[in-house]
Amino acid sequence: MSELYNLTIREAQQALAAGELTSVALTEALLKRITALEPALQVFLTTTGEQALAAAQTADATRTATSGPLHGIPIAIKDVICTAGVRTTCGSAILENFVPPYNATVVERLQAAGTVSLGKVNCDEFAMGSSTENSAFQVTRNPWDTERVPGGSSGGSAAAIAAGMALASLGTDTGGSIRQPAALCGVSGLKPTYGRVSRFGLIAYGSSLDQIGPFAWTAADIALVLQVIAGHDPRDGTSATVPVPDYQAGLTGDLRGLRVGVPREYFVEGMESGVEQATREAIAVLRDQGAEVIELSLPHTKYALPTYYIVAPAEASANLARYDGVRYGPREAGTSMWEEIELTRGRRFGAEVRRRIMLGTYALSAGYYDAYYKRAQQVRTLIKRDFEQAFAQVDLLAAPTSPTVAFKVGQKLDDPLAMYLSDVCTLPINLAGVPGLVVPCGFSEDLPVGLQLIGRPFEEATLLRAGDAYQQVATWHTRRPALVS
(Lines give C-alpha, C1' and ligand atoms only; values in the text may rest on other atoms or scores of the structure.)
Protein backbone atom coordinates (compact mmCIF):
# COMPACT_ATOMS: atom_id res chain seq x y z
CA MET A 1 0.00 0.00 0.00
CA SER A 2 1.29 3.49 -0.88
CA GLU A 3 1.45 6.33 1.65
CA LEU A 4 -2.02 6.64 3.14
CA TYR A 5 -2.38 10.29 2.13
CA ASN A 6 -1.82 9.36 -1.52
CA LEU A 7 -4.71 6.88 -1.67
CA THR A 8 -7.76 7.41 -3.84
CA ILE A 9 -11.15 6.85 -2.23
CA ARG A 10 -11.51 3.53 -4.05
CA GLU A 11 -8.10 2.32 -2.86
CA ALA A 12 -8.79 3.38 0.72
CA GLN A 13 -12.23 1.81 0.72
CA GLN A 14 -10.89 -1.51 -0.54
CA ALA A 15 -8.31 -1.53 2.27
CA LEU A 16 -10.92 -0.55 4.85
CA ALA A 17 -13.35 -3.23 3.68
CA ALA A 18 -10.60 -5.87 3.74
CA GLY A 19 -9.57 -4.95 7.28
CA GLU A 20 -6.11 -3.88 6.12
CA LEU A 21 -6.71 -0.30 7.26
CA THR A 22 -8.81 1.52 9.84
CA SER A 23 -10.47 4.87 9.47
CA VAL A 24 -8.65 6.02 12.59
CA ALA A 25 -5.24 5.21 11.08
CA LEU A 26 -6.20 6.94 7.83
CA THR A 27 -7.51 10.01 9.66
CA GLU A 28 -4.41 10.20 11.85
CA ALA A 29 -2.17 10.06 8.77
CA LEU A 30 -4.06 12.93 7.13
CA LEU A 31 -4.11 15.05 10.29
CA LYS A 32 -0.36 14.55 10.57
CA ARG A 33 -0.01 15.59 6.94
CA ILE A 34 -2.09 18.71 7.56
CA THR A 35 0.02 19.69 10.57
CA ALA A 36 3.25 19.25 8.60
CA LEU A 37 2.22 21.08 5.42
CA GLU A 38 -0.14 23.75 6.69
CA PRO A 39 2.58 26.35 7.43
CA ALA A 40 3.73 26.25 3.80
CA LEU A 41 0.38 25.79 2.03
CA GLN A 42 -2.17 27.58 4.24
CA VAL A 43 -5.07 25.35 3.17
CA PHE A 44 -7.24 24.98 6.30
CA LEU A 45 -9.01 27.81 8.10
CA THR A 46 -10.40 25.48 10.77
CA THR A 47 -9.30 21.93 11.58
CA THR A 48 -11.50 19.61 13.60
CA GLY A 49 -9.02 16.97 14.68
CA GLU A 50 -10.79 15.72 17.82
CA GLN A 51 -14.14 15.51 16.07
CA ALA A 52 -12.54 13.78 13.10
CA LEU A 53 -10.92 11.11 15.24
CA ALA A 54 -14.18 10.54 17.12
CA ALA A 55 -16.04 10.17 13.81
CA ALA A 56 -13.34 7.78 12.56
CA GLN A 57 -13.69 5.64 15.69
CA THR A 58 -17.44 5.53 15.14
CA ALA A 59 -16.92 4.60 11.49
CA ASP A 60 -14.64 1.71 12.46
CA ALA A 61 -17.05 0.51 15.14
CA THR A 62 -20.08 0.59 12.84
CA ARG A 63 -18.49 -0.81 9.69
CA THR A 64 -20.36 -3.76 8.20
CA ALA A 65 -20.20 -5.71 4.97
CA THR A 66 -22.85 -3.38 3.55
CA SER A 67 -21.21 -0.08 4.52
CA GLY A 68 -21.16 2.44 1.71
CA PRO A 69 -18.03 3.43 -0.21
CA LEU A 70 -17.57 6.70 1.70
CA HIS A 71 -17.81 5.08 5.13
CA GLY A 72 -14.79 6.22 7.14
CA ILE A 73 -13.35 8.41 4.35
CA PRO A 74 -11.80 11.74 5.51
CA ILE A 75 -12.96 14.82 3.64
CA ALA A 76 -12.56 18.63 3.72
CA ILE A 77 -15.28 21.24 3.20
CA LYS A 78 -15.05 24.69 1.62
CA ASP A 79 -15.70 27.40 4.17
CA VAL A 80 -18.82 28.74 2.48
CA ILE A 81 -20.82 25.62 3.38
CA CYS A 82 -22.54 25.62 6.77
CA THR A 83 -21.36 23.12 9.38
CA ALA A 84 -23.22 22.93 12.69
CA GLY A 85 -21.00 23.97 15.58
CA VAL A 86 -17.97 24.57 13.35
CA ARG A 87 -16.85 28.07 12.36
CA THR A 88 -17.90 29.07 8.82
CA THR A 89 -16.29 32.31 7.67
CA CYS A 90 -16.64 32.48 3.86
CA GLY A 91 -13.05 33.71 4.01
CA SER A 92 -14.39 37.06 5.23
CA ALA A 93 -13.72 39.21 8.27
CA ILE A 94 -17.43 40.01 8.40
CA LEU A 95 -18.15 36.37 9.35
CA GLU A 96 -14.92 35.81 11.26
CA ASN A 97 -16.57 34.12 14.25
CA PHE A 98 -19.82 32.86 12.71
CA VAL A 99 -20.77 29.38 13.91
CA PRO A 100 -23.86 27.98 12.12
CA PRO A 101 -26.53 26.22 14.18
CA TYR A 102 -27.27 23.74 11.37
CA ASN A 103 -25.61 21.68 8.64
CA ALA A 104 -25.96 22.18 4.92
CA THR A 105 -27.83 19.34 3.21
CA VAL A 106 -24.63 18.10 1.55
CA VAL A 107 -22.94 17.91 4.95
CA GLU A 108 -25.90 16.00 6.41
CA ARG A 109 -25.74 13.51 3.55
CA LEU A 110 -22.00 13.01 3.85
CA GLN A 111 -22.28 12.49 7.59
CA ALA A 112 -25.04 9.96 7.05
CA ALA A 113 -22.72 8.15 4.62
CA GLY A 114 -20.11 7.83 7.38
CA THR A 115 -17.52 10.34 6.20
CA VAL A 116 -15.01 11.98 8.52
CA SER A 117 -14.74 15.78 8.30
CA LEU A 118 -11.23 17.12 8.83
CA GLY A 119 -12.28 20.77 8.81
CA LYS A 120 -12.97 23.83 6.68
CA VAL A 121 -10.68 24.97 3.87
CA ASN A 122 -9.75 28.40 2.61
CA CYS A 123 -11.41 30.23 -0.28
CA ASP A 124 -11.68 33.63 -1.87
CA GLU A 125 -13.95 35.85 0.22
CA PHE A 126 -17.57 34.88 -0.40
CA ALA A 127 -16.25 32.77 -3.32
CA MET A 128 -15.32 35.90 -5.29
CA GLY A 129 -12.00 35.29 -6.99
CA SER A 130 -9.89 33.03 -9.15
CA SER A 131 -6.78 32.60 -7.02
CA THR A 132 -7.73 32.25 -3.30
CA GLU A 133 -5.77 35.44 -2.69
CA ASN A 134 -8.92 37.33 -1.68
CA SER A 135 -9.36 35.48 1.61
CA ALA A 136 -9.30 37.77 4.62
CA PHE A 137 -7.16 35.29 6.55
CA GLN A 138 -4.43 33.72 4.41
CA VAL A 139 -3.22 33.01 0.88
CA THR A 140 -3.35 29.35 -0.06
CA ARG A 141 -0.42 28.04 -2.13
CA ASN A 142 -0.34 25.56 -4.99
CA PRO A 143 1.18 22.23 -3.86
CA TRP A 144 2.99 21.87 -7.21
CA ASP A 145 4.77 25.20 -6.73
CA THR A 146 4.28 27.19 -3.54
CA GLU A 147 5.13 30.43 -5.35
CA ARG A 148 1.94 30.01 -7.39
CA VAL A 149 -1.79 30.18 -6.69
CA PRO A 150 -4.03 27.09 -6.53
CA GLY A 151 -6.81 28.82 -8.48
CA GLY A 152 -10.07 29.87 -6.94
CA SER A 153 -12.36 30.44 -5.43
CA SER A 154 -12.22 26.81 -4.20
CA GLY A 155 -8.42 26.87 -4.04
CA GLY A 156 -8.31 25.35 -0.58
CA SER A 157 -10.54 22.45 -1.65
CA ALA A 158 -8.33 21.66 -4.67
CA ALA A 159 -5.03 22.12 -2.81
CA ALA A 160 -6.23 19.81 -0.02
CA ILE A 161 -6.53 16.96 -2.51
CA ALA A 162 -3.29 17.72 -4.36
CA ALA A 163 -1.33 17.94 -1.11
CA GLY A 164 -2.75 14.72 0.33
CA MET A 165 -4.59 16.50 3.13
CA ALA A 166 -7.95 14.86 2.33
CA LEU A 167 -9.24 12.10 0.05
CA ALA A 168 -12.18 14.19 -1.12
CA SER A 169 -13.39 17.73 -0.65
CA LEU A 170 -16.37 19.91 -1.41
CA GLY A 171 -16.13 23.18 -3.29
CA THR A 172 -18.55 25.54 -4.98
CA ASP A 173 -18.65 26.74 -8.56
CA THR A 174 -20.26 30.04 -9.57
CA GLY A 175 -18.17 30.78 -12.65
CA GLY A 176 -15.52 28.07 -12.64
CA SER A 177 -14.54 27.91 -8.98
CA ILE A 178 -14.35 24.11 -8.92
CA ARG A 179 -13.06 23.46 -12.42
CA GLN A 180 -10.34 26.11 -12.64
CA PRO A 181 -8.59 25.19 -9.35
CA ALA A 182 -8.96 21.49 -10.19
CA ALA A 183 -7.06 22.14 -13.42
CA LEU A 184 -4.40 24.31 -11.77
CA CYS A 185 -3.83 21.78 -8.96
CA GLY A 186 -3.88 18.67 -11.18
CA VAL A 187 -6.92 16.98 -9.60
CA SER A 188 -10.44 16.09 -10.75
CA GLY A 189 -13.44 18.30 -9.99
CA LEU A 190 -17.10 18.37 -10.97
CA LYS A 191 -19.52 21.28 -11.27
CA PRO A 192 -22.93 19.52 -11.34
CA THR A 193 -25.98 20.70 -13.27
CA TYR A 194 -27.72 23.59 -11.53
CA GLY A 195 -30.31 21.93 -9.28
CA ARG A 196 -28.62 18.52 -9.12
CA VAL A 197 -27.10 19.17 -5.66
CA SER A 198 -28.92 21.01 -2.89
CA ARG A 199 -27.83 24.57 -2.15
CA PHE A 200 -29.47 24.56 1.28
CA GLY A 201 -26.78 25.68 3.74
CA LEU A 202 -24.56 27.17 1.06
CA ILE A 203 -23.88 30.84 1.81
CA ALA A 204 -24.86 32.42 -1.48
CA TYR A 205 -22.78 34.47 -3.89
CA GLY A 206 -24.83 34.28 -7.11
CA SER A 207 -28.00 32.33 -6.43
CA SER A 208 -28.77 31.43 -10.05
CA LEU A 209 -25.19 30.28 -10.66
CA ASP A 210 -23.83 28.63 -7.48
CA GLN A 211 -23.44 24.86 -7.31
CA ILE A 212 -21.72 22.61 -4.78
CA GLY A 213 -19.51 19.88 -6.20
CA PRO A 214 -16.74 17.43 -5.28
CA PHE A 215 -12.97 17.25 -5.76
CA ALA A 216 -10.95 14.03 -5.76
CA TRP A 217 -8.08 12.44 -7.67
CA THR A 218 -10.23 10.51 -10.13
CA ALA A 219 -13.54 10.68 -11.95
CA ALA A 220 -14.44 7.36 -10.33
CA ASP A 221 -14.01 8.93 -6.88
CA ILE A 222 -16.02 11.96 -7.97
CA ALA A 223 -18.82 9.56 -8.90
CA LEU A 224 -18.81 8.08 -5.39
CA VAL A 225 -19.19 11.49 -3.75
CA LEU A 226 -21.79 12.74 -6.21
CA GLN A 227 -23.89 9.63 -5.58
CA VAL A 228 -24.22 10.71 -1.95
CA ILE A 229 -24.76 14.46 -2.28
CA ALA A 230 -26.98 14.54 -5.40
CA GLY A 231 -30.77 14.45 -5.32
CA HIS A 232 -33.83 16.52 -4.56
CA ASP A 233 -34.02 18.51 -1.34
CA PRO A 234 -37.41 19.99 -0.37
CA ARG A 235 -35.61 22.70 1.64
CA ASP A 236 -34.07 24.11 -1.53
CA GLY A 237 -36.50 25.74 -3.95
CA THR A 238 -33.98 25.42 -6.78
CA SER A 239 -33.40 21.69 -6.23
CA ALA A 240 -34.51 19.57 -9.19
CA THR A 241 -36.79 16.56 -8.87
CA VAL A 242 -34.71 14.57 -11.33
CA PRO A 243 -33.82 10.95 -10.44
CA VAL A 244 -30.19 10.25 -9.55
CA PRO A 245 -28.70 7.42 -11.63
CA ASP A 246 -26.14 4.85 -10.49
CA TYR A 247 -22.98 6.70 -11.44
CA GLN A 248 -20.69 3.74 -10.74
CA ALA A 249 -22.66 1.51 -13.10
CA GLY A 250 -22.02 3.98 -15.89
CA LEU A 251 -18.23 3.73 -15.63
CA THR A 252 -17.88 1.19 -18.42
CA GLY A 253 -14.60 2.42 -19.88
CA ASP A 254 -16.21 2.25 -23.33
CA LEU A 255 -16.37 5.41 -25.43
CA ARG A 256 -17.37 3.82 -28.72
CA GLY A 257 -20.18 5.74 -30.35
CA LEU A 258 -19.76 8.76 -28.08
CA ARG A 259 -19.83 12.06 -30.00
CA VAL A 260 -17.44 14.66 -28.59
CA GLY A 261 -17.72 18.28 -29.73
CA VAL A 262 -14.72 20.61 -29.67
CA PRO A 263 -15.87 24.27 -29.55
CA ARG A 264 -13.53 26.53 -31.52
CA GLU A 265 -14.21 29.54 -29.30
CA TYR A 266 -12.68 27.90 -26.21
CA PHE A 267 -9.18 27.98 -27.67
CA VAL A 268 -8.97 31.67 -26.92
CA GLU A 269 -6.41 34.18 -28.07
CA GLY A 270 -3.53 34.32 -25.60
CA MET A 271 -3.91 30.71 -24.46
CA GLU A 272 -0.55 29.24 -23.50
CA SER A 273 0.74 26.83 -26.13
CA GLY A 274 1.41 24.12 -23.57
CA VAL A 275 -2.18 24.27 -22.34
CA GLU A 276 -3.57 24.00 -25.87
CA GLN A 277 -1.23 21.14 -26.75
CA ALA A 278 -2.11 19.11 -23.65
CA THR A 279 -5.83 19.67 -24.23
CA ARG A 280 -5.70 18.64 -27.89
CA GLU A 281 -3.63 15.57 -27.04
CA ALA A 282 -6.24 14.55 -24.46
CA ILE A 283 -9.02 14.97 -27.03
CA ALA A 284 -6.99 12.76 -29.39
CA VAL A 285 -6.93 10.08 -26.69
CA LEU A 286 -10.73 10.18 -26.53
CA ARG A 287 -10.79 9.70 -30.31
CA ASP A 288 -8.40 6.76 -30.04
CA GLN A 289 -10.74 5.19 -27.49
CA GLY A 290 -13.57 5.16 -30.03
CA ALA A 291 -15.22 8.56 -29.58
CA GLU A 292 -16.17 10.57 -32.65
CA VAL A 293 -14.66 14.08 -32.42
CA ILE A 294 -16.55 16.91 -34.13
CA GLU A 295 -15.43 20.54 -34.29
CA LEU A 296 -18.27 23.00 -33.77
CA SER A 297 -19.05 26.57 -32.76
CA LEU A 298 -20.65 28.21 -29.73
CA PRO A 299 -20.88 31.70 -31.23
CA HIS A 300 -22.04 33.63 -28.17
CA THR A 301 -19.15 32.42 -25.99
CA LYS A 302 -17.36 35.75 -26.41
CA TYR A 303 -20.17 37.49 -24.54
CA ALA A 304 -20.00 35.18 -21.50
CA LEU A 305 -17.42 37.19 -19.58
CA PRO A 306 -19.25 40.56 -19.63
CA THR A 307 -22.59 38.81 -19.11
CA TYR A 308 -21.32 36.97 -16.05
CA TYR A 309 -19.80 40.10 -14.54
CA ILE A 310 -23.18 41.80 -14.65
CA VAL A 311 -25.38 38.89 -13.52
CA ALA A 312 -23.17 37.55 -10.72
CA PRO A 313 -22.38 40.91 -9.05
CA ALA A 314 -26.05 41.90 -9.30
CA GLU A 315 -27.04 38.78 -7.39
CA ALA A 316 -24.15 39.25 -4.97
CA SER A 317 -25.19 42.81 -4.17
CA ALA A 318 -28.58 41.49 -3.05
CA ASN A 319 -27.26 38.41 -1.23
CA LEU A 320 -24.61 40.30 0.72
CA ALA A 321 -26.94 43.10 1.84
CA ARG A 322 -27.68 41.08 4.98
CA TYR A 323 -24.10 41.43 6.29
CA ASP A 324 -24.39 44.78 8.02
CA GLY A 325 -23.22 44.21 11.59
CA VAL A 326 -26.81 44.10 12.79
CA ARG A 327 -28.08 40.73 11.61
CA TYR A 328 -24.75 38.96 11.07
CA GLY A 329 -21.16 39.44 12.08
CA PRO A 330 -19.27 41.92 14.28
CA ARG A 331 -20.28 45.57 14.37
CA GLU A 332 -17.96 48.55 14.01
CA ALA A 333 -18.71 51.40 16.41
CA GLY A 334 -20.25 54.58 15.00
CA THR A 335 -22.36 57.56 16.04
CA SER A 336 -25.50 56.29 14.30
CA MET A 337 -26.94 53.06 12.92
CA TRP A 338 -26.17 54.09 9.35
CA GLU A 339 -22.60 55.02 10.18
CA GLU A 340 -22.12 51.68 11.94
CA ILE A 341 -23.40 49.81 8.89
CA GLU A 342 -21.18 51.86 6.58
CA LEU A 343 -18.11 51.30 8.75
CA THR A 344 -18.83 47.60 9.22
CA ARG A 345 -19.25 46.90 5.53
CA GLY A 346 -16.39 49.18 4.52
CA ARG A 347 -13.88 47.67 6.93
CA ARG A 348 -15.04 44.05 7.06
CA PHE A 349 -15.55 43.39 3.34
CA GLY A 350 -12.42 43.02 1.23
CA ALA A 351 -11.66 45.07 -1.88
CA GLU A 352 -12.92 42.49 -4.38
CA VAL A 353 -16.21 41.97 -2.55
CA ARG A 354 -16.79 45.73 -2.34
CA ARG A 355 -15.97 46.05 -6.05
CA ARG A 356 -18.56 43.43 -7.02
CA ILE A 357 -21.24 44.79 -4.68
CA MET A 358 -20.81 48.25 -6.21
CA LEU A 359 -20.84 46.86 -9.74
CA GLY A 360 -23.99 44.85 -9.03
CA THR A 361 -25.77 47.72 -7.34
CA TYR A 362 -24.98 49.95 -10.30
CA ALA A 363 -26.27 47.36 -12.80
CA LEU A 364 -29.54 47.04 -10.88
CA SER A 365 -30.12 50.75 -10.37
CA ALA A 366 -33.20 52.36 -11.90
CA GLY A 367 -31.40 54.17 -14.68
CA TYR A 368 -29.29 51.22 -15.81
CA TYR A 369 -31.34 48.05 -15.15
CA ASP A 370 -32.59 47.71 -18.75
CA ALA A 371 -29.26 48.68 -20.31
CA TYR A 372 -27.18 46.23 -18.28
CA TYR A 373 -28.96 43.58 -16.18
CA LYS A 374 -31.90 42.96 -18.51
CA ARG A 375 -29.64 42.80 -21.56
CA ALA A 376 -27.23 40.46 -19.76
CA GLN A 377 -30.10 38.07 -19.03
CA GLN A 378 -31.09 38.17 -22.69
CA VAL A 379 -27.54 37.30 -23.75
CA ARG A 380 -27.49 34.55 -21.13
CA THR A 381 -30.44 32.99 -22.94
CA LEU A 382 -28.47 33.07 -26.20
CA ILE A 383 -25.50 31.37 -24.53
CA LYS A 384 -27.79 28.66 -23.17
CA ARG A 385 -29.29 28.24 -26.64
CA ASP A 386 -25.79 27.68 -28.08
CA PHE A 387 -25.35 24.70 -25.77
CA GLU A 388 -28.77 23.29 -26.64
CA GLN A 389 -27.93 23.44 -30.34
CA ALA A 390 -24.52 21.89 -29.77
CA PHE A 391 -25.98 19.01 -27.77
CA ALA A 392 -28.33 18.25 -30.64
CA GLN A 393 -25.17 17.24 -32.54
CA VAL A 394 -22.91 15.77 -29.82
CA ASP A 395 -23.10 13.99 -26.47
CA LEU A 396 -20.54 16.15 -24.69
CA LEU A 397 -18.02 18.93 -25.31
CA ALA A 398 -14.27 18.82 -24.66
CA ALA A 399 -12.33 22.04 -24.10
CA PRO A 400 -9.56 23.70 -22.12
CA THR A 401 -10.34 24.70 -18.54
CA SER A 402 -8.02 27.65 -18.07
CA PRO A 403 -6.04 29.56 -20.69
CA THR A 404 -2.94 29.34 -18.48
CA VAL A 405 -1.33 27.12 -15.89
CA ALA A 406 -1.15 28.36 -12.30
CA PHE A 407 0.19 31.91 -12.15
CA LYS A 408 2.41 33.39 -9.47
CA VAL A 409 1.02 34.75 -6.22
CA GLY A 410 0.41 38.48 -6.63
CA GLN A 411 0.79 38.42 -10.42
CA LYS A 412 -2.82 39.40 -11.20
CA LEU A 413 -4.02 40.72 -7.87
CA ASP A 414 -3.87 44.37 -8.90
CA ASP A 415 -5.39 43.76 -12.35
CA PRO A 416 -9.03 42.67 -11.91
CA LEU A 417 -9.62 42.24 -15.64
CA ALA A 418 -6.63 39.91 -16.05
CA MET A 419 -7.90 37.93 -13.05
CA TYR A 420 -11.43 37.72 -14.50
CA LEU A 421 -10.03 36.39 -17.78
CA SER A 422 -8.77 33.33 -15.88
CA ASP A 423 -12.35 32.04 -15.99
CA VAL A 424 -13.08 32.76 -19.65
CA CYS A 425 -13.39 29.03 -20.46
CA THR A 426 -15.57 28.15 -17.47
CA LEU A 427 -18.11 31.00 -17.17
CA PRO A 428 -20.46 29.92 -20.00
CA ILE A 429 -21.21 26.61 -18.30
CA ASN A 430 -22.62 28.35 -15.21
CA LEU A 431 -24.68 30.79 -17.27
CA ALA A 432 -26.23 27.82 -19.09
CA GLY A 433 -26.62 25.69 -15.94
CA VAL A 434 -24.98 22.61 -17.50
CA PRO A 435 -22.47 20.26 -15.81
CA GLY A 436 -18.71 20.34 -16.26
CA LEU A 437 -16.02 17.85 -15.23
CA VAL A 438 -12.28 18.53 -15.16
CA VAL A 439 -9.65 15.77 -15.18
CA PRO A 440 -5.85 16.19 -15.26
CA CYS A 441 -4.58 15.90 -18.84
CA GLY A 442 -0.92 16.86 -18.81
CA PHE A 443 1.70 19.34 -17.71
CA SER A 444 3.09 22.56 -19.14
CA GLU A 445 6.24 24.03 -17.61
CA ASP A 446 5.98 21.33 -14.90
CA LEU A 447 2.53 22.61 -13.89
CA PRO A 448 -0.79 20.74 -14.29
CA VAL A 449 -3.27 21.23 -17.13
CA GLY A 450 -6.92 20.12 -16.95
CA LEU A 451 -9.31 18.87 -19.64
CA GLN A 452 -12.86 20.23 -19.30
CA LEU A 453 -15.75 17.98 -20.30
CA ILE A 454 -19.16 19.67 -20.60
CA GLY A 455 -22.46 17.78 -20.74
CA ARG A 456 -26.18 18.07 -21.22
CA PRO A 457 -28.24 19.04 -18.16
CA PHE A 458 -28.37 16.22 -15.59
CA GLU A 459 -26.10 13.97 -17.68
CA GLU A 460 -23.19 13.94 -15.25
CA ALA A 461 -23.05 10.17 -15.83
CA THR A 462 -21.85 10.76 -19.41
CA LEU A 463 -19.10 13.11 -18.22
CA LEU A 464 -17.98 10.68 -15.52
CA ARG A 465 -17.98 7.81 -18.02
CA ALA A 466 -15.74 9.80 -20.38
CA GLY A 467 -13.46 11.07 -17.62
CA ASP A 468 -13.05 7.62 -16.12
CA ALA A 469 -12.37 6.03 -19.52
CA TYR A 470 -9.72 8.66 -20.18
CA GLN A 471 -8.09 8.00 -16.81
CA GLN A 472 -7.99 4.28 -17.51
CA VAL A 473 -5.58 5.12 -20.35
CA ALA A 474 -3.86 8.33 -19.24
CA THR A 475 -1.90 8.42 -15.98
CA TRP A 476 -1.74 12.12 -15.18
CA HIS A 477 -3.99 11.65 -12.15
CA THR A 478 -1.44 9.28 -10.59
CA ARG A 479 1.22 11.99 -10.30
CA ARG A 480 1.73 13.66 -6.96
CA PRO A 481 3.55 16.91 -6.07
CA ALA A 482 6.95 16.51 -4.43
CA LEU A 483 5.92 17.61 -0.95
CA VAL A 484 7.77 16.37 2.11
CA SER A 485 5.84 16.11 5.37
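# Exercises on pockets, strands and charge pairs

About 280 Å³ of space lies in the largest pocket. The model used in these exercises is predicted. Have it open and let's go step by step.

## Exercise 1: The largest pocket

Task: find which residues lie nearest the centre of the largest pocket, and which element gives the most to its lining.

Solution.

Step 1. Begin at the centre: of the 18 lining residues, Gln 51, Val 86, Val 107, Gln 111 and Ser 117 lie nearest to it.

Step 2. Turn to the secondary structure. At least two lining residues come from each of α3 (49-62), β2, α4 (105-112) and β3.

Step 3. The biggest contribution is that of β3, with four residues.

## Exercise 2: A strand of the sheet

Task: take strand β2, decide whether its residues are buried or exposed, and find its partner strands.

Solution.

Step 1. Recall a general pattern: side chains of a regular strand alternate between the two faces of the sheet.

Step 2. Now sort the residues of β2 by side. Pro 74, Ala 76 and Lys 78 are on one side, Ile 75 and Ile 77 on the other, and all are buried.

Step 3. Since five of its five residues are buried, β2 is largely enclosed by the rest of the structure.

Step 4. Look for the partners. β2 pairs with β3 in the parallel sense over four bridges, and Pro 74 has Val 116 of β3 as its bridge partner. With β4 (residues 168-173), β2 (residues 74-78) makes a parallel pairing over three bridges, where Ile 75 stands opposite Ala 168.

Step 5. Place β2 in the whole sheet. The sheet is open and mixed, with eleven strands in the order β1-β3-β2-β4-β6-β5-β10-β11-β9-β7-β8. β1 (44-47) and β8 are at the edges with a single partner strand each, so one side of each has no neighbour in the sheet. Ignoring direction, neighbouring strands are turned by 30° against each other on average.

## Exercise 3: Helices against the sheet

Task: identify the strands that α2 lies across and those that α7 touches, then explain why α7 is described as largely enclosed.

Solution.

Step 1. Helix α2 (residues 23-41) lies across β1, β2 and β3 (116-121), and runs at about 20° to β3.

Step 2. Helix α7 packs on the sheet too, touching β4, β5, β6 and β10 (436-444). The direction of α7 makes about 145° with that of β6.

Step 3. Check burial along α7 (residues 219-229): nine of its eleven residues are buried, so the rest of the structure largely encloses this helix. Among the buried residues are Ile 222, Leu 224, Val 225, Leu 226 and Ile 229. Asp 221 is also buried.

Step 4. See what comes after the helix: α7 is followed by Gly 231, which has a positive phi near 120°.

## Exercise 4: Salt bridges

Task: locate three salt bridges, beginning with Glu 460 and Arg 196, and say where in the chain each pair sits and how accessible its residues are.

Solution.

Step 1. Start with the principle: side chains of opposite charge can pair when their charged atoms come close. With a cut-off of 4 Å between the side-chain nitrogen and the carboxyl oxygen, the count is 18 salt bridges.

Step 2. In the pair Glu 460 and Arg 196, the closest N and O atoms are 3.3 Å apart. Glu 460 belongs to helix α15 (residues 460-473), while Arg 196 is in the loop between β5 (188-191) and β6 (211-216), 264 residues apart. Residues under 20% relative accessible area count as buried, so Glu 460 at 0% is buried, and Arg 196 at 3% is buried.

Step 3. Arg 264 and Glu 295 have their closest N and O atoms 3.2 Å apart. Arg 264 sits in the loop between β7 (259-263) and α8 (273-288) and Glu 295 in strand β8 (residues 292-296), so this bridge ties together parts 31 residues apart in sequence. Arg 264 is partly exposed at 43%, whereas Glu 295 is exposed at 52%.

Step 4. For Glu 276 and Arg 280 the closest N and O atoms are 3.0 Å apart. These two are four residues apart in helix α8, which means that about one helical turn separates Glu 276 from Arg 280. Glu 276 is partly exposed at 28%, and Arg 280 is partly exposed at 39%.

Step 5. To finish, find the network of salt bridges that links Glu 96, Glu 332, Arg 347 and Arg 348.

Terms used:
Residues are numbered from 1 along each chain as its sequence is written. This is a predicted model: local features need pLDDT of at least 70, side-chain atom pairs count only at pLDDT 80 or more; totals for chains, interfaces and linings use all residues. Side-chain values use heavy atoms; hydrogens and water are left out. Buried means under 20% relative accessible area, exposed over 50%, partly exposed in between (1.4 Å probe, protein chains only). Two strands pair if DSSP finds at least two bridges between them. Axes are lines fitted to C-alpha atoms, for helices over the stretch in contact, and angles run from 0 to 180 degrees between N-to-C directions. Contact means heavy atoms within 4.5 Å. On a 1 Å grid over the protein atoms alone, a cavity is a set of points where a 1.4 Å probe fits but cannot get out, and a pocket is an open set with protein on both sides within 12 Å along at least five of seven lines; lining residues have an atom within 4 Å of a point. Grid points are joined across faces, edges and corners, and a volume is the space filled by probe spheres set on the points.
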